[in-house]
Amino acid sequence: MGKRLRLLSGFLILVFGLLMVLPALASADTDDELTIRGTVRVGREVIPDAKVIVSNAQNIEVGSVVTGEDGKWEIPIPGLGEYTVVLAGPLPEGVSVRDGASDQITVFVEEYRSKAVGFQLIGEDQKPILEIRPTWERLLNRMVSGLKVGLLVALASIGLSLIFGVTGLVNFAHSEMVAFGAVIALLLESTVGLNGALFPLAVILAVLAGGGLGFGLERGIFGPLRRRKMTNISLMVVSIGLAFLMRYLILIYHGAEPETFESFRIQSGVSLGPIELPAKDYFIIGIAFTTLLMVGLLLQRTKLGTSMRAVSDNPALAESSGIDVNRTIMWVWILGSALASLGGTMIGLTQVVEWQMGEKILLLIFAAVTLGGLGTAFGAMVGGLAIGFASETSTFWLDNDLKFLIALAVMIVILLVRPRGILGVRERLG
Amino acid sequence: MMLMNLFAEIDVSKLFGLALRTSISVQAATFALAAVGLNLHYGYTGLLNFGVVAFMAAGAYGMAIFFTQGWLGGSILLAIASGVVFAVVIALSIGLPSLRLRADYLALTTIAIAEVLRISFRSQRLLDLTGGPFGLPSIEDRNANVSFADVITVDWNPIKEGNYGAWFLEFDEKTLWVMIIGWSLVSLASLLIWGLMRSPWGRVIKAIREDEDAARALGKNVFSYKLQSLIIGGVIASFAGIVRAFDMGFVETQQFRPQTTFFIWTVLILGGAASIWGPIIGSMTFWFVIIFSEELLRQMVDSGWIPDAILQSNDIASVRMILMGIMLATLMIWRPQGLVGKKEEAQIDIR
């Protein structure tokens, strides 16, 4: 049994390695702060909620964003080169592109600086520009998309919290498991050809691969080290090293270019009352919500879930009451990283798949689990929902680049005021 | 036979030359300096500071903002002082509320505060002050070749114009001058730590690392000592940021991403935490190993020894990060005391 498991884990690590080698190699440029930005405006009036899309020379979408309250937008680009910026609207009534100008602008980014792009728009002479939708509707839409982001952060966070609960490890590599899931799903879609109707299979396989990765990490690295009585602080530093290893392997073998899932590139909105979202977003919300429910049931109703909670509460007591602690820890790793993979795939569906996904979501995940209480799965769900919702909805009032500040500020305040979080237990207080 | 071929393809002189050059460069000096600061936090006091880069950013940006705004006549010395003061403010705002937290919570708080600082500097709203994503000096100044670094690196440079040294170790007068400043600061800071650790203050600090409750039972104000350690180490790290800004001639938020913090952690753990020579040896070894492997890989890729399917030459920059990750993880597992540290002092078990 033991031998077979070790063989299996070695095989899984091998699969991980092979999968990373598969894709066509793209050029890598580690510069990430390069952006194209601008303000959509007519004269002095700024236009909020207009979509701007940036594509590269191969006509692949690099990113898209909706202008903020101040009409500003900014889209990160992977490197120097030629890009096409499209103003996809919607524009307020009476506003149009100036004669002789275009809603598509081609720019050459030649130096490592943000490139400013302006569209030439013209309004009906001297008439004030009316907003196309009432403020409350726009706020409602932003809140629904906040809910979506919250659900996804929750999915991605559960694993970190559960693993901390049963082992005491703050796993910095957790966010790379999120990126891993998205990259594997993308790979299966584009290279293996699981697109269109077969796409769910790609997601399922990515989730399984994520579970396998968790199994491999526990069996190959963290389990043995824990048995060597390494302290959790040392293990945390090990996980930081592992995170860099994984992140830059993904960069080398996935490439620096952000990519989108072919089957779900640009979708038009589907209205549901005052809410208008791309069709895929309704599905994503549904899938995330169902999965969270299932995890909740698993933890509350099944023997495995009960033993997970028991080990989390008190490993010694759990062991003496006949629970196989190591086996439980293993299942926590598998479950946690499978969920992280699923979260990553879904995040990739709504945004882009890129090597820096992990780095970008890491602090959101940390904020989520500290808010909810380190070590509790339900805390991670509540915290993830709250953090995702708050940071996404904040873009209604604040600059897009400040949304992370909201999450970080919440995290700092929680750590200072109530370190055990909303649902944490008292013993965790330092 | 194949191995012989490989050796024929490798430019050994360049390999060692570049690696050696980087291991004594300003970059290595700034990493050593920041690691001296972190060493006081983590090695001696046991504070899990994952926000080293916040102190570097505070120093660099404090100095650059003060100078480019021309406050109080725009003196560079006052500007440097304001960078240091900014670092002290950061130390207080991290330390006052969060030093009572458990070790891993302190780690999360410090990394979060460092990111808050970086994102704020980058924000469009502070464009006039920090230059937002463009950094300082402003684009116009940069195009006109004007920098806050000029006073130190050009006007006050006592070294005559020209190139000094030979082989790959040839430096122009500007680089040499900043190198001297950098390594002098490293020596001064190391001396300071050496003196502090032999003083009663240092003994209390180490006692706190070993057993906080025992130190408290002996009537020591643990919180106050920790705060002092955070401030002193933070000031040392802020000088690392300042020297780096002088070296590069500009400051940008990119230089202060969390990965810089982990580079410095790797340097410290490689050299050996809780030892005076650890940060210096760590930084020099770190850069030697990184540049050596990078150059070796580059030459092997260029000569076709490593096929394109495995690695391409423009991927080599990321190998640096992978190496850093592997070094950090494996050292932690097999040699937590690093190259020159003492094993009994490097057992981190902070709860």
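**Getting to know chain A**

Student: Which residue in β6(A) is the bridge partner of A:Thr35?
Tutor: First, some ground rules: this is a predicted model, where local features need pLDDT of at least 70 and side-chain atom pairs count only at pLDDT 80 or more, while totals for chains, interfaces and linings use all residues. Residues are numbered from 1 along each chain as its sequence is written, with chains lettered from A and ligands numbered from 1 in the order in which they are written. Strand β1 (residues 35-39) of chain A runs antiparallel to β6(A), and 5 bridges join them. In β6(A), A:Thr35 has as its bridge partner A:Pro76.

Student: What is the strand order of the open sheet of 3 strands?
Tutor: Strands are DSSP runs of E (at least two residues) and helices are runs of H or I (at least four), both numbered from the N terminus. Two strands pair if DSSP finds at least two bridges between them. The sheet has mixed pairing, and its order is β6-β1-β10 (chain A). Each edge strand pairs on one side only, and these are β6 (72-76) and β10 (115-116) of chain A.

Student: How many of the 5 residues of β6(A) are buried?
Tutor: Buried means that 20 or more other C-beta atoms, placed from the backbone, lie within 10 Å of the residue's own (exposed means 12 or fewer, partly exposed is in between). β6(A) is largely enclosed by the rest of the structure, because the buried count is 4.

Student: What span should α10(A) have, at 1.5 Å a residue?
Tutor: The expected span is 1.5 Å times one less than the number of residues. α10(A) has 16 residues, and its end C-alpha atoms are 22 Å apart, which agrees with the expected 22 Å.

Student: Where does α10(A) bend?
Tutor: A bend is the angle between axes fitted to the seven residues ending at a residue and the seven starting there. Past the helix comes A:Gly373, with a positive phi near 115°. The bend in α10(A) is about 25°, at A:Leu363.

Student: Which helix gives the largest share of the side of chain A that touches chain B?
Tutor: Contact means that C-beta atoms, placed from the backbone, lie within 7 Å, and 42 residues of chain A contact 43 residues of chain B. On the chain A side, α5 (232-254), α10 (357-372) and α12 (403-417) each supply at least two residues. The largest share, 15 residues, comes from α5(A).

Student: How far apart are the C-alpha centres of domain 1 and domain 2 of chain A?
Tutor: The bounds, from an automatic or database domain assignment, give domain 1 (35-132) and domain 2 (138-428). Their C-alpha centres are separated by 33 Å.

Student: Which element gives the most to the side of domain 1 of chain A that touches domain 2 of chain A?
Tutor: This contact takes 12 residues from domain 1 and 15 residues from domain 2. In domain 1, the elements giving two or more residues are β5 (61-66) and β6 of chain A. The most, 4 residues, comes from β5(A).

Conventions: Contact = placed C-beta atoms within 7 Å.
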